[in-house]
Number of protein chains: 2
Amino acid sequence: MVNIKDIAKKAGMSPSTVSRVVNGKKYVNPEKRSRILKLIEETGYVPNKAARSMVLKRSFTVGIVIPDLFNMFQRQLISVIERHLETFGYHILIFFAALDGSGDGECLNKIKAESLDGIILLQEMKLPQVAEYLAAEKIPAVACTVSSGVIPCIHVDDERAARDAVAHLIGLGHKKIALIYAGGFSWAVKRTQGYFQALEEAGLRADRGRIAPSELFSAESGLRAAEALLSRTRDFTAVFAITDELAMGAIRGLRDAGIRVPGDVSVVGFDDIEASEYLCPRLTTIKQPIPEMGAEAAFFIHHRITRPGTDLPGKGVVPHRLVVRESTARPEPKKKQKNSP
Amino acid sequence: MVNIKDIAKKAGMSPSTVSRVVNGKKYVNPEKRSRILKLIEETGYVPNKAARSMVLKRSFTVGIVIPDLFNMFQRQLISVIERHLETFGYHILIFFAALDGSGDGECLNKIKAESLDGIILLQEMKLPQVAEYLAAEKIPAVACTVSSGVIPCIHVDDERAARDAVAHLIGLGHKKIALIYAGGFSWAVKRTQGYFQALEEAGLRADRGRIAPSELFSAESGLRAAEALLSRTRDFTAVFAITDELAMGAIRGLRDAGIRVPGDVSVVGFDDIEASEYLCPRLTTIKQPIPEMGAEAAFFIHHRITRPGTDLPGKGVVPHRLVVRESTARPEPKKKQKNSP
DNA sequence: ATGAAAGCGCTAACAT
DNA sequence: ATGTTAGCGCTTTCAT
């Protein structure tokens, strides 16, 4: 690999001069500059990042911590963040952390070793040392969708959004609304709280039998949850799944059981992932503005790196939106037709 | 940030000793070792990666080059690769490259700056310099699903698989089979070739009017392609889409036009992404063994890094499999019922 | 405007 | 078994 000394030697100048050229500093003779530039071009020289980051004490990379089992929404979000960060000239290092926090310590060590310029959390780190380290080293951090102590967070109002989703169902006339949820994230508990609130506000009581826990956040897991729910009761006309992926599995489970969606049962999801629009029926859901969230997270980190001390503009709460598609409808007047004749 | 000298000073020893402990070398007094270990524990010391990689001339990171517009299949693949590489102790640096190769040069520079230990290509780099650089620097490289000159590649036999997919349709009795495709990748052209071959083998002639190009590989783009196809002709009973995502959009387009799938038109995809099983109807498709492919790519890179000179075992061709689900069926006997009465 | 020299944190000869 | 030293590639004073 060609290095700065090689260039200097070929140009008959010192490494300092080459460095100045590379970094666009002033005080260098235009002729020499162009000669060096040509040499760089010819040799394909690129400064070694490790050396650079060692002396500069900046790594030009920002870390993203994500759950090891990340769902589609998170995947989309990561992709957006990466693209933006890339634009700002950062590299992205991905750190996987177990959902249960068991790998937090190890993850922290990896983070420490990198001397990151900034970090974005898509995963809640339970380990207090993480926040402590970040604070002590003054490493800019933002969380996105997850809350992590004092670290600023970009997110929708999950509780309110979930309430909106369930309220939509109630508004349609549903009274018996099932819930499919999974745990492990603060947003997940907020969403289930939103469900209960909506019920309460409407004077409906939550029936424990209609609450179906899912082990993970995968579609398959949602399918299992729906099956379990169905094996227990069929006395509901709507389902709120706290993520689209869960809803995706739930719809499958419902249909497999011969239940029409939304004919017999309406389904609402949360996230609005790409696939939701291609399900059948198209999924009614809460849209999280992924592009905005990702852009904001990336921008904020960049801003804090280049101009430290800046605060997150506003509270970091981005607007959600109920997207009504085809998976929700009014409940059918009477299920048992014995009244009609 | 605490460094090796700090530890050495606190322990009253030299940095070398600390280094030996950290790297698990022999020849260090057990007592001193444990004292140092305790210090490391207390201070939370972690060796600086930049410094380490500078002297070792290894970065402990492998790069993954992916298309800037990566599809769901690629996303799943990346995720598998990352997990495996992580297991081997590598960090993963993601490089985005434009589909058209316009960013290849810039991308190469970034790669150069990193002194990567290895690189995995999920994107075809058109720029010859990339392969040259990799060869010159003896940086292990594997491609996955894409072919890139002499770089070994892990992939299914795309042409044959596509042929199998279309042959399945033909076997069902279909004679008028449409194609939805997009370009930019060698696998994409192989798949379309497979389509033509299957037709030819069956003595069917390919009708240009039934070939629908899609701009991108997104579901939305597939939807558009289906709409365009439909606006031109309805004279087909089956569709082969060269990716599941395209198929996903195509099914949507078909259904929106009041066409039943598979009642009126059968659809086959390619990839078998997660969502395929949750579509309606469940998508019949060619399964690429993502877990195996990812594992193999990661393993190969690790092997080449640790024991250079090793060759890719076999040709790197992994088996595909036709997964028959619900989106394909025999064509209905006669569309126009004027014959039946 | 340019070069010499120091130093970033670490490892690996080389001494001892 | 342990310490001393040099050096990885770069940037940055500090001289000149």
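## Two helices, two domains, two copies

In chain A of this predicted model, helix H5 (residues 72-87) packs against helix H12 (residues 290-306) at an angle of about 45°, and their axes are 8 Å apart. That angle makes H5(A) oblique to H12(A), and the crossing of the pair is right-handed.

Who touches whom here? Here's the list, helix by helix.

| Helix | Residues in the contact |
|---|---|
| H5(A) | A:Gln76, A:Leu77, A:Val80, A:Ile81, A:His84, A:Leu85 |
| H12(A) | A:Ile290, A:Pro291, A:Met293, A:Gly294, A:Ala295, A:Ala297, A:Ala298 |

Sort the residues of this H5(A) and H12(A) contact by class and you get ten nonpolar, three polar and no charged.

Now let's zoom out to the domains. The domain assignment splits chain A into domain 1 (61-155 + 291-317) and domain 2 (158-289). The C-alpha centres of these two domains of chain A lie 29 Å apart. Where they touch, domain 1 of chain A puts in 14 residues and domain 2 of chain A puts in 15 residues. Our two helices turn up again: H5 and H12 of chain A each supply at least two residues of the domain 1 side. That side of domain 1 of chain A has seven nonpolar, five polar and two charged residues.

What about chain B? Chain B can be laid on chain A with an RMSD of 0.1 Å, using a turn of 180° and a shift of 0.0 Å along the axis. So the two copies are related as by a two-fold rotation axis. In chain B, B:Ala50 has the C-alpha nearest that axis, at 2.3 Å from it. Both copies use the same surface, too: 100% of the contact residues of chain B recur in chain A.

Methods: Residues are numbered from 1 along each chain as its sequence is written. Chains are lettered from A and ligands numbered from 1 in the order in which they are written. This is a predicted model: local features need pLDDT of at least 70, side-chain atom pairs count only at pLDDT 80 or more; totals for chains, interfaces and linings use all residues. Axes are lines fitted to C-alpha atoms, for helices over the stretch in contact, and angles run from 0 to 180 degrees between N-to-C directions. Helices (H or I, at least four residues) and strands (E, at least two) are DSSP runs, numbered from the N terminus. Angles under 35 degrees count as roughly parallel, over 145 as roughly antiparallel, 65 to 115 as roughly perpendicular and the rest as oblique. A crossing is left-handed if the near helix is turned anticlockwise from the far one by less than a right angle, and right-handed if clockwise. Two residues are in contact if their C-beta atoms, placed from the backbone, lie within 7 Å. Ala, Val, Leu, Ile, Met, Phe, Trp, Tyr, Cys and Pro count as nonpolar, Asp, Glu, Lys and Arg as charged, and the others, Gly among them, as polar. Copies are superposed by least squares on the C-alpha atoms of residues with pLDDT of at least 70 in both. Domain bounds come from an automatic or database domain assignment.
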